[in-house]
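Here is a short report for someone meeting this structure for the first time. Please look over the sequence and the model, then read on.

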Amino acid sequence: MPPKSDSVEGIVLNFVNEQNRPLNSQNVADALQKFSLKKTAVQKGLDALADSGQISFKEYGKQKIYLARQDQFDIPNGEELEEMKKANSKLQEELAEQKKITSEVESEIKGLQSNLTLEEIRSKEARLQSEVQEMEEKLKKLQSGVILVKPEDKKIIEETFSEKANQWRKRKRMFKELWDNITENSPKDQKEFKEELGLEYDEDVDVNFQPYSEMLASLNKRRKVSR
């Protein structure tokens, strides 16, 4: 008589039949932890099922290997196996075709999402026209000889930029030296370690120091010439 489905033996029997592969008691106990079954209870259940002939088992030294009884399953013959192989092959082809279609549709959706709507185009056009008008007005003032930035304001801006750029460069160098010391003998992958610590390089946020470095060099050069 088969055990109740919610009993220890019932749960173990159902699992062994579902797996239909060689299992030891540890395999079963690990898999059935979700039912709060201890290994001792699982072992007793396996032995009881084996003694009653509901599952098969073989002994290899001190270890027992358990297996679902094969006579309860419908085993296909050679012709049926061949038909199953053909059906599987056909399904694989259909799956590949569906994946291809899905990929094409997703690509098309992404393309459509990247296009601007008519409202967005009009808004962008208005913004660009405003920027063009503002730049044209500045150009007219420059052409007429009007000084847009006072010399004292320009000096303050240049000094502030120089200070911030130098701090940026100094901190980049300090971080690199510190990072190299930390990771020199570390077995961890540097990229994974960086993500684990929540660190971001300038490049990770699309920031490049090089243009600012060149501007700083040009500024320093102009200062030397003007002295």
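The report below goes from the domains to single residues and then to the charged pairs.

## Domains

The model is predicted. The domain assignment splits out two parts of the chain: domain 1 covers 8–72 and domain 2 covers 151–226. How far apart do the C-alpha centres of domain 1 and domain 2 lie? The separation is 63 Å.

The UniProt record adds a label. Its unreviewed entry places the feature "domain: Homologous-pairing protein 2 winged helix" at residues 8–68. Over that stretch, residues 8–68, the chain is 52% helix and 20% strand. The C-alpha atoms at the two ends of the stretch are 16 Å apart.

## Around helix 1

Start with Asp6. This residue sits in the segment before helix 1, which spans 8–19. Asp6 counts as exposed because its relative accessibility is 63%, and the cut-off is over 50%. Phe35 is 29 residues from Asp6 in sequence. In space, the C-alpha atoms of Asp6 and Phe35 are 9.9 Å apart.

Now move into helix 1, where Asn17 lies. Is Asn17 buried or exposed? Asn17 has a relative accessibility of 18%, so it counts as buried, the limit being under 20%. Which residues does Asn17 contact, leaving aside its neighbours within four places in sequence? They are Ala68, Gln72 and Phe73. With Gln72 there is also a polar contact: the two side chains are joined at 2.8 Å.

## Salt bridges

Side chains of opposite charge can pair when their charged atoms come close. In this model the count comes to five salt bridges. Among them are the pairs in this table.

| Pair | N to O distance | Accessibility of the Lys or Arg | Accessibility of the Asp or Glu |
|---|---|---|---|
| Lys64 and Asp47 | 3.6 Å | Lys64, 29% | Asp47, 22% |
| Arg69 and Asp71 | 2.5 Å | Arg69, 33% | Asp71, 57% |
| Lys188 and Glu196 | 3.2 Å | Lys188, 42% | Glu196, 56% |

Take the pair of Lys64 and Asp47, whose side chains meet in a salt bridge. It links distant parts of the chain, as the partners are 17 residues apart. Lys64 belongs to strand 2 (residues 63–68), while Asp47 belongs to helix 3 (residues 39–51). Lys64, at 29% relative accessibility, counts as partly exposed. Asp47 counts as partly exposed too, at 22%.

In the Arg69 and Asp71 pair, the closest N and O atoms are 2.5 Å apart. Arg69 counts as partly exposed because its relative accessibility is 33%. Asp71 is exposed, with a relative accessible area of 57%.

Lys188 and Glu196 form the pair listed last in the table, with their closest N and O atoms 3.2 Å apart. Lys188 is partly exposed at 42%. Glu196 is exposed at 56%.

## The two ends of helix 7

Helix 7 covers residues 190–197. What happens at the start of helix 7? A side-chain oxygen of Asp189 reaches to within 3.2 Å of the backbone nitrogen of Lys191. Just after helix 7 comes Gly198. Gly198 takes a positive phi of about 75°.

Technical notes:
Residues numbered from 1 in each chain as written. Predicted model: local features only at pLDDT ≥ 70, side-chain atom pairs only at ≥ 80, totals over all residues. Heavy atoms only, no water. Helix = DSSP H or I, 4+ residues; strand = E, 2+ residues; numbered from the N terminus. Buried < 20%, exposed > 50% of the residue type's maximum accessible area, 1.4 Å probe, protein only. UniProt positions renumbered as here; feature names shortened; annotations may be inferred. Polar contact = N/O pair within 3.5 Å; in protein donor to acceptor, adjacent residues only side chain to side chain. Contact = heavy atoms within 4.5 Å. Domains from an automatic or database assignment. Salt bridge = Lys/Arg side-chain N within 4 Å of Asp/Glu carboxyl O.
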